[in-house]
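Please consider the following structure with attention to how its helices and strands are arranged. The explanation begins with a pair of helices and then turns to a sheet.

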Amino acid sequence: MLAYTYVDKNKFALAERPVPHTEHPRDAIVKITLASICTSDLHIKHGSVPRARKGIIVGHEAVGVVTEVGERVHNVGIGDRVAINVETFCGECFFCRRGYVNNCTDEHGGWALGCRIDGVQAEYVRVPYADCGLNKIPDGVSDESALFTGDLLSTGYWAADITEISRDDTVLIIGAGPTGICTLQCVLLRSPARVIVCELDERRRKFVSENYPDVLVCAPQEAEAFVKARGDHGGADRVIEVAGSQESFTLAWKCARPNAIITIVAMYDVAQSLPLPDMYGKNLTFKTGGVDGCHCDDILALIAERKLDTRNLITHTFPLKEIDKAYELFENKRNGVIKIAVKP
Ligand SMILES: [Zn+2]
Ligand SMILES: [Zn+2]
């Protein structure tokens, strides 16, 4: 089969690989029908994910059809259309049983697909712990609609969930890239009084204004004054930081009102510092972590009800054999690209 592989730093290449088969009773094999390219794939390409193994097939977000199941797989069967989870988790350890699947202590747990084991930018993939890592796509939901279930939407759903949003809140989301938009959609499901999106890029600000007319939009340089003028209590009640820069981190706590909750979704290239003397008396609560992607069935149900719809994020589609071109476009952010879908 055709597969896209991590050869070396700054080098991904198409290669011919054998079709995988189940190796463990909890494995399933999925024939990929649509995959995506994620910024994390670029992090691997640029050598900034030390645990990524050279030689593996990359990609960790996809949908497909189950073609093979191990004898201990019960939730999915051959022929089922499924969304694939970015995370591998056992479902049985201390953390998994409490929903903290990102902290699964199984030796194979964590971000494995397309990082430590073969991923989804290929014709087929082997999914370990398939009962946990695969979710059936409801009838009437297209591949395009379900594509971001296992990574981007899981992240947005998790972020909105742990941020403890109520209907009286002013929620500030910093960053309107694909993860920011998925977070925004999940926040809107909770109907807070006000949602403000802060974004550096003018085209992305325009995208938010056009697609989500009830959402207020501002640029980082005006954000502090903008948010303080609009929040009911001198700032945002809830802040979700998705952008991942030094400036956006600082903005997150500066825009927060006293006793606010700040959720950090972003990945930073360098350590951030908390200037505690400047925050003294503000009583802020910070929440951090990686996505706990264990609500995929809820997400798929919301997609089926048209309450979540991320099809507008797919700006380009490429066949797998032209994936080099797709990466080039995605990496250089050309032609207004937001997300690229790849069809084997
Ligand atoms: Zn990703
Ligand atoms: Zn576990």
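In this predicted model, helix H5 contributes Leu152, Leu153, Thr155, Gly156, Tyr157, Ala159 and Ala160 to a contact with helix H6, where they meet Pro178, Thr179, Cys182, Thr183, Gln185, Cys186 and Val187. By character, the residues of this contact comprise 9 nonpolar and 5 polar, with no charged residue. H5 spans residues 152–162 and H6 spans residues 178–188; their axes come within 8 Å and cross at roughly 50 degrees. The two helices are therefore oblique to each other. The crossing in which H5 passes H6 is right-handed.

The sheet is considered next. It is open and consists of 6 strands, paired in parallel and ordered E10-E9-E8-E11-E12-E13. At its edges are strand E10 (216–218) and strand E13 (285–288), each of which pairs on one side only. From one strand to the next, the twist averages 20 degrees. In general, the strands of a sheet pair through backbone hydrogen bonds, in either a parallel or an antiparallel manner.

One pairing may be followed in detail. Strand E11 (residues 236–241) runs parallel to strand E12 (residues 256–264), and 5 bridges join them. Within this pairing, alanine 236 stands opposite alanine 256 in E12.

Helices also pack on the sheet. H6, already met as the partner of H5, touches strand E8 (170–174), strand E9 (194–198) and E11, and its direction makes about 165 degrees with that of E8. Helix H8 (residues 220–230) likewise packs on the sheet, touching E8, E9, E10 and E11; the direction of H8 makes about 170 degrees with that of E9.

Definitions and conventions:
Residues numbered from 1 in each chain as written. Chains lettered and ligands numbered in written order. Predicted model: local features only at pLDDT ≥ 70, side-chain atom pairs only at ≥ 80, totals over all residues. Axes fitted to C-alpha atoms, helices over the stretch in contact; angles between N-to-C directions. Helix = DSSP H or I, 4+ residues; strand = E, 2+ residues; numbered from the N terminus. Parallel < 35°, antiparallel > 145°, perpendicular 65-115°, else oblique. Left-handed = near helix turned anticlockwise from the far one by under 90°. Contact = placed C-beta atoms within 7 Å. Nonpolar A, V, L, I, M, F, W, Y, C, P; charged D, E, K, R; others polar. Pairing = 2+ DSSP bridges.
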